[in-house]
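Here is a short walk through a protein model, written for someone with the structure open on the next screen. Have a look at the fold, then read on.

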Amino acid sequence: MAPKPTAPSTTAPASGDVARVVALVNNERGKAGCSPVTLNAKLSKAAQAHSEDMAAHRNMSHTGSDGSDPGARITRAGYTWSTYGENVAYGYATPESVMAAWMASPGHKRNILDCGFKEIGVGLAQPDNYWTQDFGTAS
């Protein structure tokens, strides 16, 4: 019997550091009683592009070098959102260290533990480990 065809997925493949960050996020969410977030290709595109932009300009900020805010970047990546959140960081060499820093920061922790978020994108760019987490719920 042939397997049933599946609908195209917006779930991005996860590997290495990205997969580890998602696992760590979902571990924290589980402890707080939230559902896990799933990796989304469009949010990942937005997060990766922002990490690369920050690394290229050696500037950690929620504002892109073109003046964009997270909502504009997420929209530009093709994600139609009803709500979003963004965490950024730099200088942390491992998923564990950047997650520890985010969890120690009330605003970043609030995004990670926001049970309303359903999907995530993660970006990492060099030099100096510029990280972005883009959280969203599609509209």
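## The big picture

Buried residues account for 42% of the 139 residues in this protein. Keep in mind that the model is predicted. The accessible surface adds up to about 7,100 Å², and 56% of that belongs to carbon and sulfur atoms.

As for secondary structure, there are five helices and four strands. Reading from the N terminus, the elements go α-β-α-α-β-α-α-β-β. If you take the contacts between residues at least 6 apart in sequence, 70% of them join residues at least 24 apart.

## The sheet

The four strands make an open sheet in the order E1-E3-E4-E2, and the pairing is mixed. E1 and E2 sit at the edges with a single partner strand each, so one side of each has no neighbour in the sheet. As a reminder, strands of a sheet pair through backbone hydrogen bonds, either parallel or antiparallel.

Strand E4 (130-138) is mostly covered, with eight of its nine residues buried. E4 runs antiparallel to E2, and nine bridges join the two. One spot to click on is Ala89, which stands opposite Trp131 in E4. E3 and E4 also pair in the antiparallel sense, over seven bridges. Here Glu119 has Gly136 in E4 as its bridge partner, while Val122 is matched with Gln133 in E4. The hairpin of E3 and E4 has four residues between the strands, and Asp128 in this hairpin takes a positive phi near 75°.

## Helix H2 and its surroundings

Helix H2 covers residues 41-57, 17 residues in total, and reaches 24 Å from its first C-alpha to its last, close to the 24 Å expected at 1.5 Å a residue. Asn40 caps the N-terminal end of H2, with a side-chain oxygen 2.8 Å from the backbone nitrogen of Lys42. Just past the other end of the helix, Arg58 has a positive phi of about 50°.

Which residues of H2 are buried? They are Leu43, Ser44, Ala46, Ala47, His50, Ser51, Asp53, Met54 and Ala55. An α-helix has 3.6 residues a turn, so residues three or four places apart point the same way. The buried residues of H2 pack against strands E1 (38-39), E2 (81-90), E3 (119-125) and E4 (130-138), as well as helix H3 (70-76).

Ala72 belongs to that helix H3. Is Ala72 buried or partly exposed? Its relative accessibility is 35%, so Ala72 counts as partly exposed. Ala72 and Ala46 are 26 residues apart along the chain, and their C-alpha atoms are separated by 9.5 Å.

## The nonpolar core

The largest nonpolar core has 18 residues, and those touching the most other members are Val25, Met99, Trp102, Ile112, Ile120 and Trp131. Helix H1 (16-31), helix H4 (95-103), E3 and E4 each give two or more residues to this core.

Ile112 is a good one to zoom in on. Leaving out residues up to four places away in sequence, Ile112 touches Val25, Glu28, Arg29, Asn87, Met99, Trp102, Met103, Gln133 and Phe135. Two links back to the sheet are worth a click: Gln133 in E4 is the bridge partner of Val122, and the core residue Trp131 stands opposite Ala89.

Key
Residues numbered from 1 in each chain as written. Predicted model: local features only at pLDDT ≥ 70, side-chain atom pairs only at ≥ 80, totals over all residues. Heavy atoms only, no water. Buried < 20%, exposed > 50% of the residue type's maximum accessible area, 1.4 Å probe, protein only. Contact = heavy atoms within 4.5 Å. Areas by Shrake-Rupley, 256 points an atom, 1.4 Å probe, with all protein chains shown as cover. Expected span 1.5 Å × (residues − 1). Polar contact = N/O pair within 3.5 Å; in protein donor to acceptor, adjacent residues only side chain to side chain. Core = buried A, V, L, I, M, F, W, Y, C linked by side-chain atoms within 4.5 Å. Pairing = 2+ DSSP bridges.
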